[in-house]
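Got your viewer open? Let's take a short walk, one selection at a time.

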Amino acid sequence: MRFGIGFDLHRLVEGRKLILCGVEIPFEKGLYGHSDGDVGLHALIDALLSAGGLPDIGTLFPDTDLKYKNISSTKMLEEVLEILKQKGFKPYQVDLILICEKPKISPYYEKIKKKLAELLKVEYSKIGIKAKTTEGLGWSGDTEVIACFALAVIIEKLHA
Ligand code: MG
C-alpha cells in the first residue's frame, strides 16, 4: 500500500462552467485554468502520481502544451490511471477536502462520490469528500478561489 497527497487552487472567473471532481456544479463562475480548472481532480491526480513515485501533474501535462488546452480533467485522470496501471498500481481509497466560501458543495457530495468511484473504479465507501469554508478569512474568504487537498491510497495489483 502506498500513499500520496496533493493540493491545488484555482481562481473563480466569470464565463466558465464550474467543474469539480468531474461534476458540473451550477454557479455563476467557473475555475480558470489551461484545462477545465478542476481543482478536485488536479489535487487527486497529484496525490495518485505521488503515491506511485511519478512526476507531478505539471510535468506530465505542461500548461505550455497546446494539446492540453481546455482538456477535460477526467481525461487527464484517465491517462494517469493508465500510467499507474502500467506500473502495476491501482487506486484503493481517496479522501478530498475542498475549500471555498461559495458555492455550497455538500448538496453534491453524493454525485461527486459516485463520479469518483466510477472514474477510479473503487468502492463508493472508499471515497471521502468534504467541503470547508475559511469563515470568510484568508485566500478563500473573498469567494474568488476554490482549493483542494487530496489523499490517495494505491495498492499493487498483486495484492488487489
Ligand atoms: Mg490545477
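Leaving aside its neighbours within four places in sequence, which residues is D46 in contact with (heavy atoms within 4.5 Å)? Select D46 and you'll find I5, G6, F7, D56 and I57. Before you go on: this is a predicted model, where local features need pLDDT of at least 70 and side-chain atom pairs count only at pLDDT 80 or more, while totals for chains, interfaces and linings use all residues. Residues are numbered from 1 along each chain as its sequence is written, and side-chain values use heavy atoms, with hydrogens and water left out.

Stay on D46, which sits in helix 1 (helices are DSSP runs of H or I, at least four residues; strands are E runs, at least two, both numbered from the N terminus). D46 is buried (under 20% relative accessible area, 1.4 Å probe, protein chains only). It has no salt bridge (a side-chain nitrogen of Lys or Arg within 4 Å of a carboxyl oxygen of Asp or Glu). The nearest side chain of opposite charge, R2, is 14 Å away (Lys and Arg count as positive, Asp and Glu as negative; His and the chain ends are not counted).

Now show the sheet. Five strands form an open, mixed sheet in the order 4-1-7-5-6 (strands pair if DSSP finds at least two bridges between them). Strand 4 (29-31) and strand 6 (127-132) are the edges, each with a single partner strand, so one side of each lacks a neighbour in the sheet.

Last stop: the magnesium ion. Its protein donors (N, O and S atoms within 2.8 Å of the metal, or 3.2 Å for Na, K and Ca; water is not among the atoms, so sites may look incomplete) are D8 (OD), H10 (NE2) and H42 (ND1), lying 2.1 to 2.3 Å from it. Both D8 and H10 are buried.

Key:
Buried means under 20% relative accessible area, exposed over 50%, partly exposed in between (1.4 Å probe, protein chains only). Contact means heavy atoms within 4.5 Å.
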